[in-house]
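Welcome, and thank you for taking a look at this protein. Let us walk through it together, one part at a time.

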Amino acid sequence: MTTKIKKEISNFILNLITNIYKKIFHEQISKGHIHFIRNIFYVGIGSIISTGLSFSFNILAGRILGPSIYGEYTLLRSIAMLLYIPMIMGISTALVKYNSGISDLKRQQMIISTSFILTSFSIIIFSFIYFLYIHEISKIFSTYNDLISAAIFFAILFAGNIFTTNVLRSLHKMKKFAMLRLVYGIVLLLSFIYFVYLDYYSYKSMLYPTYLANLIPSIIIIRTQRKYFKPKFDKMWAKKILTYSNLSFIGGISCVLYMNIDNILINHYMHVKDI
């Protein structure tokens, strides 16, 4: 009965969209357009539910942990966002651009594998630099070494999550992408509730669920899409990817600065609880 209802709802929505499209463009909707609309629908539903779960996570954390602990986590997250940008270097954006055009397995394997090697190398190099100069970074952000260490691990896992989800986007596997957005939100909220149940009141009770929420989808994607991850590196594709990534890197760092610099300045001139 449930399957029948789902099918009826799906057919109703599809017929509604088909009729609207026909009235606007005065032509029958193509299979390509239907596939595109279905992808948008899947991503929209997955993103809405995931956003609701993430919003619940933040509301509960703020209420339960209080302004100081929540502010500490927010500062850590803002620092991690700044640290992650050099790690990913816009490579995942270039991956989507070059991999989404042609459905050729060998080409897709080469682009994904080359991008994966470049990203892994970048993450290792910048992680080493961050840990090497952790004391200086702590001074820049007016905080302590342990929080910077946690932010570095946050940045590593977040970079991995961004890369692997962009692999799905480049392969047009939007239904799986949407499902993993749900996995992210569910893991985030449930694991936080578990830590609270254990009476673990610290910024780490928000941090560890975030670690898990980034790590689990990444592992699932690598395991389910392992045919695309091969020990292959192509210099020609590496050059193309890095050239395009340099352009997207500027936009990425501008966006991250705009969204996170206020938290860092508030911590520097005021107090972490004011974030």
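What follows is a short tour, from the overall layout to the core, then to the rings, and at last to the loops.

Please keep in mind that this is a predicted model. The protein has nine helices and zero strands, so reading from the N terminus on, the elements run α-α-α-α-α-α-α-α-α. Of its 275 residues, 43% count as buried. The protein exposes about 15,700 Å², and carbon and sulfur atoms supply 68% of that area. How do the contacts spread along the chain? Among contacts with a separation of 6 or more, residues 24 or more positions apart account for 81%.

One helix offers a simple check on its geometry. H7 has 24 residues, which at 1.5 Å a residue should span 34 Å; the C-alpha atoms at its ends are 35 Å apart, which agrees.

Now let us turn to the inside. The largest nonpolar core holds 59 residues, and Leu76, Ile79, Tyr84, Phe154 and Ile241 touch the most other members. Which elements give two or more residues to this core? They are helix H2 (31-88), helix H3 (91-99), helix H4 (105-132), helix H5 (134-140), helix H6 (145-170), helix H7 (174-197), helix H8 (204-224) and helix H9 (235-269). H2 gives the most, with 17 residues. To see one of these core residues in its setting, look at Tyr84: setting aside residues up to four places away in sequence, Tyr84 touches Ala155, Phe158, Ala159, Ile162 and Val256. Apart from the largest core lies another core, of six residues, including Val43, Met174, Phe177 and Ile221.

A polar residue is also worth finding. Asn214 is found in helix H8. Is Asn214 buried or exposed? Its relative accessibility is 2%, and because buried means under 20%, Asn214 counts as buried. Leaving aside neighbours within four places in sequence, Asn214 is in contact with Leu157, Phe158, Asn161 and Tyr184. Phe158 is thus a name you have met before, as it is touched by Tyr84 too.

Next come the aromatic rings, where the count comes to 13 aromatic pairs. Phe116 and Phe229 form one that is edge-to-face, at 5.3 Å centre to centre and with 85° between the planes. Phe116 lies in helix H4 and Phe229 in the loop between H8 and H9, so this pair ties together parts that are 113 residues apart in sequence. Phe116 counts as partly exposed, at 32% relative accessibility, whereas Phe229 counts as buried, at 16%.

The rings of Tyr194 and Phe195 offer another example. Their centres are 6.0 Å apart and their planes are at 70°, so this pair is edge-to-face. Tyr194 is partly exposed, with a relative accessible area of 47%, while Phe195 counts as buried at 17%. Ring pairs link Tyr194, Phe195, Tyr208 and Tyr211 into a cluster.

Rings also meet charges here. The charged end of Arg181 sits over the ring of Tyr184, 5.1 Å from its centre. Lys240, for its part, lies over the face of Trp237, at 4.9 Å from the ring centre.

Let us finish in the loops. Where is Asp234 placed? Asp234 is in the loop between H8 and H9, and with a relative accessible area of 22% Asp234 is partly exposed. Not counting residues up to four places away in sequence, Asp234 touches Met110 and Thr114. The C-alpha atoms of Asp234 and Ser115 are separated by 9.5 Å, although these residues are 119 apart along the chain.

Some residues also have a positive phi. Met89, in the loop between H2 and H3, has a phi near 50°, a positive value in a residue other than glycine; Met89 is partly exposed, with a relative accessible area of 23%. In the loop between H5 and H6 you will find Ser142, whose phi is near 55° and so also positive in a residue other than glycine. Ser142 counts as partly exposed, at 30% relative accessibility. Just after H7, Asp199 takes a positive phi of about 60°.

Notes. Residues numbered from 1 in each chain as written. Predicted model: local features only at pLDDT ≥ 70, side-chain atom pairs only at ≥ 80, totals over all residues. Heavy atoms only, no water. Core = buried A, V, L, I, M, F, W, Y, C linked by side-chain atoms within 4.5 Å. Buried < 20%, exposed > 50% of the residue type's maximum accessible area, 1.4 Å probe, protein only. Helix = DSSP H or I, 4+ residues; strand = E, 2+ residues; numbered from the N terminus. Contact = heavy atoms within 4.5 Å. Areas by Shrake-Rupley, 256 points an atom, 1.4 Å probe, with all protein chains shown as cover. Phe/Tyr/Trp six-rings, centres within 6.5 Å; stacked < 30°, edge-to-face > 60°. Lys NZ or Arg CZ within 6 Å of the ring centre and 35° of its normal. Expected span 1.5 Å × (residues − 1).
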